[in-house]
Amino acid sequence: MRIISGIRYGHKLIEFKGDDIRPTTDRVKESVFNIIQSHVIDADVLDMFSGSGALSFEAISRGANRAVCIDKDKRSVEVIRKNAQDLDFTDKCEIINASCFDYMARTDEKFDIIFLDPPYNKGFIEPVLEGIVENELLRDGGIVVLESDNTDYHREIRGLELLKQHRYGRTYITVYSLK
């Protein structure tokens, strides 16, 4: 796994292995950023289920202002911290060890881009999307970028408009905006 564009192009990211780990492939990451590039410059990013922080770090490398990385797994939080230090992004990255539901309930921040890459087929998608709308986490013009697979069911969410959806093998990338 590496940064594929921007000021840290080519930098390898630390990752960890496990049966429950599913990093976003470089191919999918490149496609995501091709879709959302017009939103990235000077963006404030929220990365839920952050894993290694790869999506946040890619956004910062491409010109995002800052990122908030949230993961409830302590191993992930340590990997994110190490990657932020190695990339010299610690001043642009807030790392929070918590569930995204706890974070959404207590924050009053708003974001330009929200990355949502939950564990597949665990029922997180609808409640998190609903929480984003209910807690007003998106700025006007902001987007949610959801990575899911073909086993995940997600319906239209009140308050969000589906802008684009692309399939890459069994991975789906869905981009939403506020209605």
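Which residues are linked with K29 in a network of salt bridges? They are E58 and R62. Keep in mind as we go that this is a predicted model.

Let's start in the middle. In soluble globular proteins, nonpolar side chains tend to be buried together. Here the largest nonpolar core has 32 residues, and I36, F57, I113, F115 and V145 are the ones with the most contacts inside it. Several elements give two or more residues to this core, among them α2 (54-61), α3 (74-87), β4 (111-116) and β5 (138-149). Helix α1 supplies the largest share, six residues. There is also a second, separate core of 24 residues, and that one includes V68, I96, L116 and L160.

I113 is a good place to zoom in. Leaving out residues up to four places away in sequence, I113 touches I36, H39, V40, A43, D44, V45, L46, I143 and V145.

Now look at β4 itself, a strand that is mostly covered: six of its six residues are buried. On one side of the pairing list is strand β1 (residues 44-48), which pairs with β4 in the parallel sense over four bridges; M48 stands opposite L116 there. The other listed partner is β5, which runs parallel to β4 and is joined to it by five bridges. Within that pairing, F115 has V145 in β5 as its bridge partner. How do you get from β4 to β5? Through helix α5 (residues 125-134), and the three together make a right-handed β-α-β unit.

A salt bridge joins β4 and β5 too: the side chains of D112 and R139 meet at 2.9 Å, N to O. Since D112 sits in strand β4 and R139 in strand β5, the pair ties together parts that are 27 residues apart in sequence. R139 is partly exposed, with a relative accessible area of 30%.

Next, the aromatics. A pair of aromatic rings is described by the distance of the centres and the angle of the planes. The count comes to four aromatic pairs. Take F33 and F115: the ring centres are 5.8 Å apart and the planes sit at 50°, so the pair is tilted. This pair links distant parts of the chain, with F33 in helix α1 and F115 in strand β4, 82 residues apart. F33 is buried, at a relative accessible area of 0%, and F115 is buried at 0% as well.

F57 and F89 form another tilted pair, at 6.2 Å centre to centre and 35° between the planes. Here helix α2 carries F57, while F89 is in the loop between α3 and β3, 32 residues apart. Both F57 and F89 are buried. Elsewhere, F49, F101 and F124 form one aromatic cluster.

Back to charges to finish. The structure holds 10 salt bridges. One of them joins R170 to D149, with the closest N and O atoms 2.4 Å apart. R170 lies in the loop between β6 (160-168) and β7, and D149 in strand β5, 21 residues apart. The two ends differ in cover: R170 counts as partly exposed at 48% relative accessibility, whereas D149 is buried at 1%. R75 and D73 form a salt bridge too, their closest N and O atoms being 3.0 Å apart. In that pair, R75 is partly exposed at 40%, and D73 is partly exposed at 23%.

Conventions: Residues are numbered from 1 along each chain as its sequence is written. This is a predicted model: local features need pLDDT of at least 70, side-chain atom pairs count only at pLDDT 80 or more; totals for chains, interfaces and linings use all residues. Side-chain values use heavy atoms; hydrogens and water are left out. A nonpolar core is a set of buried Ala, Val, Leu, Ile, Met, Phe, Trp, Tyr and Cys residues joined through side-chain atoms within 4.5 Å. Buried means under 20% relative accessible area, exposed over 50%, partly exposed in between (1.4 Å probe, protein chains only). Contact means heavy atoms within 4.5 Å. Rings of Phe, Tyr and Trp (its six-membered ring) pair if their centres lie within 6.5 Å; planes under 30 degrees apart count as stacked, over 60 as edge-to-face and the rest as tilted. Two strands pair if DSSP finds at least two bridges between them. A crossover is right-handed if, with the strands pointing away from the viewer, the path from the first strand over the helix to the second runs clockwise. A salt bridge is a side-chain nitrogen of Lys or Arg within 4 Å of a carboxyl oxygen of Asp or Glu.
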